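Grab a pencil and have a go at these exercises before you peek at the solutions. Each one starts with a task and then walks through the steps.

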Amino acid sequence: MFEFLRSYIVYLALLSGIVGLFSLNKLPGKKAKFLVVLIWFSVLIEIVGYYFTQWTGLLNYYVYNFYMFVSFSAYILLIRSILLNRSYRFAGYLFLILFIVSFFLNIWYFKENVNHSFIYSFAIGVLLVMILSCLYLVEIFNSDKILNFKKSVFFWYILGILVFHVPFLPFMLAINWFLIRQDESIFSLVLFILNFLAHSCFIIGFIWSEKKYNY
Amino acid sequence: MERKEIQLLVISLGIVFLTLLVTLLVIFFYFLKKKNSYLVDKMESELYFQSELVKTRIEIKDQTLSEISKELHDNIGQIISVGIMQLNMHINSEKIIQPNELRDLKGILAKSLDEIRILSRIINKDNLLQSNFIEAIKQDLERIKKLKKIQYKYTLSGEIPLINEEHDLFIYRIFQEALHNSLKHSHSDLFEVNITTTDDLFCLKIKDFGIGYDPLKTNSGIGLNNMKLRAKLIGATLIMNSDSSGTAVTLEYPLTEPDET
C-alpha cells in the first residue's frame, strides 16, 4: 500500500537539487559544487531507473548497481578530499581501491545473478564510507571547527549520507538473509523515509551553510 | 492491512530507526564530549595567557624600578655629591666665591636636573607603552646612550605595525630582557637594533658585539626560556645566535592572523 512512495523519491531529490542550484553562490570551489552535481546525478538515475524497463526490457538493477558504484566512489573521494590528516587521506585511497575490488568480486562471484542488487559490495561500501565519515567527524570535532561545523555544507552532506546508508544496511541485510520477508510496500516506505531524512539534511546544509566555511 | 504485514512493518521500521537512533546518539555524545574538552582547553590557555601577561607587566615594572634606583644611586647621586663636595670646599675655605665657580656649580646642578628629566621619562614609560612600544624601545636606547656611554645603531624600516596591546607588552618585555642581558654580560659598547616591518612579518633584531655566550653551556637559562616561552605564546619565534663576535637575538612576529574558523 506504500508502493507509490517509491516514485516520489525523485521529487525529493529534485527539491534538494534545486535548492542546491539556488545556493550555488554560497558554494565556492569544486568540492562544494560537486555535491550539487551528485544530487542531480541521483535525480537522473531515479528517472532512468524508473523508465529503464520500459525502454530496454531489462530489469533496472543494472542502473542501480551502476549508481551504487559511482556514488560510493564519489563519496569516498569526496570525504577523502576534505580530510586533512595524511594517513586518513591515504586510507581514503585504500578504501576506494578496496571498494572497487569488492564490486568486481561481486560481479565475478555472482555472475549468474546479475539481476540482483550487489548487497555485499553495498555493505562494504557503507562500511567504508562510515569509517571515513567517522574519521571526518573526529577530525572536525578535534579542531577549532567544532564551534562552527554546523555552518559547513560538508558536515550536513556527510550526515545525510550516513543517515541514509547506515540504517538502510541492516534492513537490506535482514531482507537478504531472509530474516524478514521482502515486501515491496514496506521496502518503498523505508526507502522513502530514509531518502526524506537524507535530503532534508542536504537542504538544511545548503540553506544553513555560510560561504566561508564551505572551502 | 493484514496482521502479518503490520508485524513486518513494525519490525522493518524498528530495525531502521534503531540503527538511526544509535548512530545519531553516538555522534551527538562524541560531539558533546569533544566540545566540552575543547572549551576547557581554551579557557585554560586563556587563563595561562592572562597570568603570563600579569607576570610580564610586573616584570616590566620591577625592571623599571630597579633601573631607576640604579640611576639614582650611580648617576644623580654621584653628580650631586660632587656638587656638595664643591660647596663644602667653598664653605671651608672662607674665601669670596667667584662667579665662575658659581657657574661650575650651576652646571653641575643643571646636569643633575637633566638626568632627573631622563629618569622621569622612564617612569612614564608605562604610559608611553600604551601608545607605541617602538617609541619606548627608542627611549630605552636613548637612555642607555646617555647614561652608560654606549653607542647604538637604530634602524626602522617599514611602517609601525598594528599589534594588539597585550602582544605589545610581551614583545617589549622580550626586548627589555634581551637588552638587559646584553648590557650585563656582553661587555659590548655598541648595539644594533633593527626593526623591520613587512606586510606579514614584524622583525625585531638586537645585536651586540661583545663576548657572546655558549648557548649549550649557559645554565642561567630561566631568562632565555622565559623569553622563548613568551614569544611562543604570542605566536612569534625567537632566534638566538651567539659566538665570540657577539650575540644576535631576533624576534619574528607574524602579522597575518591565522584563519579563525
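The exercises below go through a predicted model, starting with chain B and ending with chain A.

**Exercise 1. List the secondary structure of chain B and give the order of its elements.**

Step 1: Count the elements. Chain B has six helices and five strands.

Step 2: Walk along from the N terminus. The order you get is α-α-α-α-β-α-β-β-α-β-β.

Step 3: Look at how the chain comes together. Of the contacts in chain B with a separation of 6 or more, 73% are between residues 24 or more positions apart. Buried residues make up 17% of the 261 residues in this chain.

**Exercise 2. Work out the strand order in the sheet of chain B, and find which strands stand at the edges.**

Step 1: Start with a pair. β1(B) and β2(B) (residues 190-197) run parallel and are joined by seven bridges. One pair of partners here is B:Leu156 and B:Ile195, the latter in β2(B).

Step 2: Now go to β3(B) and β5(B). These two are antiparallel, with eight bridges. B:Lys207 has B:Ala248 of β5(B) as its bridge partner.

Step 3: Add β4(B) (residues 237-243). Seven bridges tie it to β5(B) (residues 246-254), again antiparallel. B:Ser242 sits opposite B:Thr247, and B:Leu238 sits opposite B:Leu251. β4(B) and β5(B) make a hairpin, with two residues between them.

Step 4: Put the strands in a row. The result is an open sheet of five strands with mixed pairing, in the order β1-β2-β3-β5-β4 of chain B. β1 (151-157) and β4 of chain B are the edge strands; each has a single partner strand, so one side of each has no neighbour in the sheet. From one strand to the next, the twist averages 10°.

**Exercise 3. Which residues of β5(B) are on its covered face, and which are on the uncovered one?**

Step 1: Sort the residues by face. B:Thr247, B:Val249, B:Leu251 and B:Tyr253 belong to the covered face. B:Gly246, B:Ala248, B:Thr250, B:Glu252 and B:Pro254 belong to the uncovered face.

Step 2: Check what lies across the sheet. Helix α5(B) (residues 165-185) lies across β2, β3 (201-208), β4 and β5 of chain B. This helix runs at about 15° to β3(B).

**Exercise 4. Find the residues at the heart of the largest nonpolar core, and the elements that build it.**

Step 1: Pick out the residues that touch the most other members. Among the 57 residues of this core, those are A:Ile76, A:Ile79, A:Tyr136 and A:Ile158.

Step 2: List the elements that give two or more residues. They are α1 (9-22), α2 (29-56), α3 (61-82), α4 (86-109), α5 (119-141), α6 (153-176) and α7 (184-208) of chain A, plus α1 (3-93) of chain B. The most comes from α6(A), with 15 residues.

Step 3: Zoom in on A:Tyr136. Leaving out residues up to four places away in sequence, A:Tyr136 touches A:Ile79, A:Ile82, A:Leu83 and A:Ile158.

Step 4: Look for a separate core. There is another one, of 24 residues, which includes B:Phe133, B:Ala136, B:Phe170 and B:Tyr253.

**Exercise 5. Describe the side of chain A that touches chain B.**

Step 1: Get the counts. 22 residues of chain A are in contact with 19 residues of chain B.

Step 2: Ask which helices take part. α5, α6 and α7 of chain A each supply at least two residues to this side. α6(A) gives the most, with seven residues.

Step 3: Sort this side of chain A by class. You get 16 nonpolar, two polar and four charged residues.

**Exercise 6. Does the span of α7(A) agree or disagree with what its 25 residues should give, and what covers its buried residues?**

Step 1: Work out the expected span. At 1.5 Å a residue, the 25 residues of α7(A) should span 36 Å.

Step 2: Compare. The end C-alpha atoms of α7(A) are 35 Å apart, which agrees.

Step 3: Look at the buried residues. Among those in α7(A) are A:Leu194, A:His199 and A:Phe206. Their cover includes α1, α2 and α6 of chain A together with α1 of chain B.

Conventions: Residues are numbered from 1 along each chain as its sequence is written. Chains are lettered from A and ligands numbered from 1 in the order in which they are written. This is a predicted model: local features need pLDDT of at least 70, side-chain atom pairs count only at pLDDT 80 or more; totals for chains, interfaces and linings use all residues. A nonpolar core is a set of buried Ala, Val, Leu, Ile, Met, Phe, Trp, Tyr and Cys residues joined through C-beta atoms within 7 Å. A residue is buried if 20 or more other C-beta atoms lie within 10 Å of its own, exposed if 12 or fewer, and partly exposed in between; C-beta atoms are placed from the backbone. Helices (H or I, at least four residues) and strands (E, at least two) are DSSP runs, numbered from the N terminus. Two residues are in contact if their C-beta atoms, placed from the backbone, lie within 7 Å. Two strands pair if DSSP finds at least two bridges between them. Ala, Val, Leu, Ile, Met, Phe, Trp, Tyr, Cys and Pro count as nonpolar, Asp, Glu, Lys and Arg as charged, and the others, Gly among them, as polar. The expected span of a helix is 1.5 Å times one less than its number of residues. Axes are lines fitted to C-alpha atoms, for helices over the stretch in contact, and angles run from 0 to 180 degrees between N-to-C directions.
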